[in-house]
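Grab your viewer and a pencil. Below are a few exercises, each with a solution worked step by step.

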Amino acid sequence: MKTTLRQRGRAELGFIADVGLVGAQLKRAVRRDIGARGLDAQTLVADLDERHVQVESALQDSRAYQNYLMLHKWGLGNLTRAAFDAYESNRAELEPQLVEPPVGPATLECPADLKIPGYWHNWFHNTTGGWDGHEQMGFIHGELIHRWVVGATFPGNIFAQREAAAAAAPRVDYRRVLDMGCGTGQYTRVLTQRFPQAEIHGADCSLRELQYAQRIANENGWAWRLHRVANEHTGLPAGSFGLVTSYILLHELPASAIRETFAEAFRLLEPGGDMVMADVTRYEKMDPIAVWMQDSAARREVEPFWRESATLDLAAAATDAGFVDAESYGIGPMNYPWIVRARKPR
Amino acid sequence: MARSKNAAAAAAENEAKELRYLQSRRIEDLAQAFVSLASELWIVKDRMAVLEQVLDRHGIPAPTAVDAHVPQGEFKEALDAERRAWAQRMIAALFPRGLPKAD
C-alpha cells in the first residue's frame, strides 16, 4: 500500500531514523572507547552477565557510551508514538482503505480454540501495546515503522536479506510452503516470488498483522492462506508442506518454544520436506565486544529471549526434533541472516 | 566604595551562577527533552522549506511576505494555542511519568 505521509509524520519519522544512524555511529565510538580502556578478547570475562558489569564499569566516563544510551532510549520511547501520530494525521485517507480492504483470493482463518503463548504478549522491540496494540498495527508496523525507520537504519538491505534467506531452500518446486511468524507478510511476499507454483501459507498470532498481510496478498492477487495460530501448535494437517520456513522469528522465542516450533515444522513437513529458518547471528560467531553490545541492546529493546535464542545450537535442536542433514550457517556480512536448514527423512 | 560595591555584586553573581537546581536524574530527562526539541525543530525546518518552495511555485516570494505579515484574529488565537500546547509537550519530556496536572 503506497502511502504519502503528511509533512509532520514524514519529517518526524525521518528524524527518528537519522537519530538511529547517529546511534550506530556512536556505537563505533563506544567500541573504540572499550579498546582504549584495555578491554579486548583476551581481557573480557567469559561470563556474559559479568561482562556486562565489567564493560559498563569501564565505560562510566565514556561520553560516547552515555550519549549512545541516551539516544537509544529516546528512539525507543518515541518510535511507536511517532508512527501512531503519523497514522492519525493521515487517518482520513488511510482508514477507508484499511477498514474495507480489497477483495481477493487470500483467506484468513482464526480458529476458535486459539492458544496464544505467554511470551507473545511481550512488547517486542518496545512496540507500544505489542503486535496488536493498535487497530491498524499491521499498517503502522509493516509500513511506517518497518519501511520508514527500520529499513533506513538496519545494516544492509532488509528486503534483499529476505531474498537470500528464501534462496537457502534447496528446491524451488515445493507444492506448499508455510511461513511461520509471517507478520504482515514481508517474507511471505519473497516466498511467493521465489516459489511461484507453490500454495503459500502464513501463520502468526497477531490478528492485526495478519489482516494487513491479507490486504497485501489481495492487492497483488496472491492466494495466501493465512492462519491465526501459534507456530508451536498450528493445528494444520501433518505432512502437508514441502517447505516450512521463517524469517527473524526465532529470537523472539524462548529456547523451549524454538524446540517446539522445530517439532511442529517436522510434523507439518511431508517426508523429504525442508525446514529453513533464518534468524540473528549466533553469539559464538561474534567477537566478545559485539556480543556485549548486542546483548545489552536486546535488554533495552524488550527482547528477553535474544540471548537464549542466539546461544542455542540450532542444528542440534533440529536434529533433536528428528531432522537430518541439519546445517547452521551465516550468509551475508557479519553472518546475518543466520540460517538453519534441515530435512525430514523420507 | 564603588569598587567594593562592584566586588560584592560580582561575588553575589558568581554565587548565583554556582547554584544547582537540577539533580542528576533531571539531567537525564533534560537530555531526552533536548532530543525531542531537536525533533520538533527539524519538523518545523522541513515544513518551512517545503512551504517556501510551494509558495514560490505559486509566485509568492515567501521569505519577504512572511517577514512583513502580522498574525491577527482567529489565526493569531490558533497560533497562540498551538504554541501553548507545544510548550506543554516540550516540558512534559522532563517528566517521564507525565506532566503534573494543574490544580
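Start with accessibility classes: buried means under 20% relative accessible area, exposed means over 50%, and partly exposed is in between, using a 1.4 Å probe on protein chains only. The model is predicted, so local features need pLDDT of at least 70 and side-chain atom pairs count only at pLDDT 80 or more, while totals for chains, interfaces and linings use all residues. Residues are numbered from 1 along each chain as its sequence is written, chains are lettered from A and ligands numbered from 1 in the order in which they are written, and side-chain values use heavy atoms, with hydrogens and water left out.

**Exercise 1. Work out what chain A offers to chain B.**

Step 1: count the residues in contact (heavy atoms within 4.5 Å). You should get 13 residues of chain A against 14 of chain B.

Step 2: get the buried area, which is the accessible area (1.4 Å probe) that two parts lose on being put together, summed over both. Here that comes to about 1,300 Å², with 53% of it on carbon and sulfur atoms. On chain A's side, A:Gln7, A:Phe15 and A:Trp74 supply 42% of the area that the chain buries against chain B, more than any other three residues.

Step 3: tally the polar contacts. These are pairs of N or O atoms within 3.5 Å; within protein, one must be able to donate a hydrogen and the other to accept it, and residues adjacent in sequence count only if both atoms are side-chain atoms. Between the two chains, nine residue pairs qualify, both residues being at pLDDT 80 or more.

Step 4: assign the elements, where helices (H or I, at least four residues) and strands (E, at least two) are DSSP runs numbered from the N terminus. Helix H1 (7-36) and helix H3 (63-89) of chain A each give two or more residues to the side that touches chain B. H1(A) gives the most, with seven residues.

Step 5: sort by chemistry. Ala, Val, Leu, Ile, Met, Phe, Trp, Tyr, Cys and Pro count as nonpolar, Asp, Glu, Lys and Arg as charged, and the others, Gly among them, as polar. Chain A's side of the interface then splits into six nonpolar, one polar and six charged residues.

**Exercise 2. Follow one salt bridge across the interface.**

Step 1: recall that side chains of opposite charge can pair when their charged atoms come close. The cut-off for a salt bridge is a side-chain nitrogen of Lys or Arg within 4 Å of a carboxyl oxygen of Asp or Glu.

Step 2: count. There are 30 salt bridges over all chains, and three are between chain A and chain B.

Step 3: pick the pair B:Glu40 and A:Arg8, at 2.7 Å from N to O. This pair runs from helix H2 of chain B to helix H1 of chain A.

Step 4: classify the partners. B:Glu40 is buried because its relative accessibility is 10%, whereas A:Arg8, at 29%, is partly exposed.

**Exercise 3. Compare two salt bridges that stay inside a helix.**

Step 1: in helix H8 (residues 207-220) of chain A, A:Arg215 and A:Glu219 sit four residues apart, about one turn of the helix. Their closest N and O atoms are 3.1 Å apart. A:Arg215 is buried at 6%, and A:Glu219 is partly exposed at 37%.

Step 2: go to helix H2 (residues 24-57) of chain B, which holds B:Asp29. B:Asp29 pairs with B:Arg26, again with closest N and O atoms 3.1 Å apart. These two are three residues apart in the helix, so about one helical turn separates them. B:Asp29 is buried at 5%, and B:Arg26 is partly exposed at 33%.

Step 3: check what else B:Asp29 touches. Not counting residues up to four places away in sequence, the list is B:Ala93, B:Leu94 and B:Pro96.

**Exercise 4. Find the hubs of the largest nonpolar core.**

Step 1: build the cores as sets of buried Ala, Val, Leu, Ile, Met, Phe, Trp, Tyr and Cys residues joined through side-chain atoms within 4.5 Å.

Step 2: rank the 61 members of the largest one. Those touching the most other members include A:Leu13, A:Phe139 and A:Trp224. H3(A) provides the largest share of this core, nine residues.

Step 3: look for another. A second, separate core has 35 residues, among them A:Leu178 and A:Phe241.
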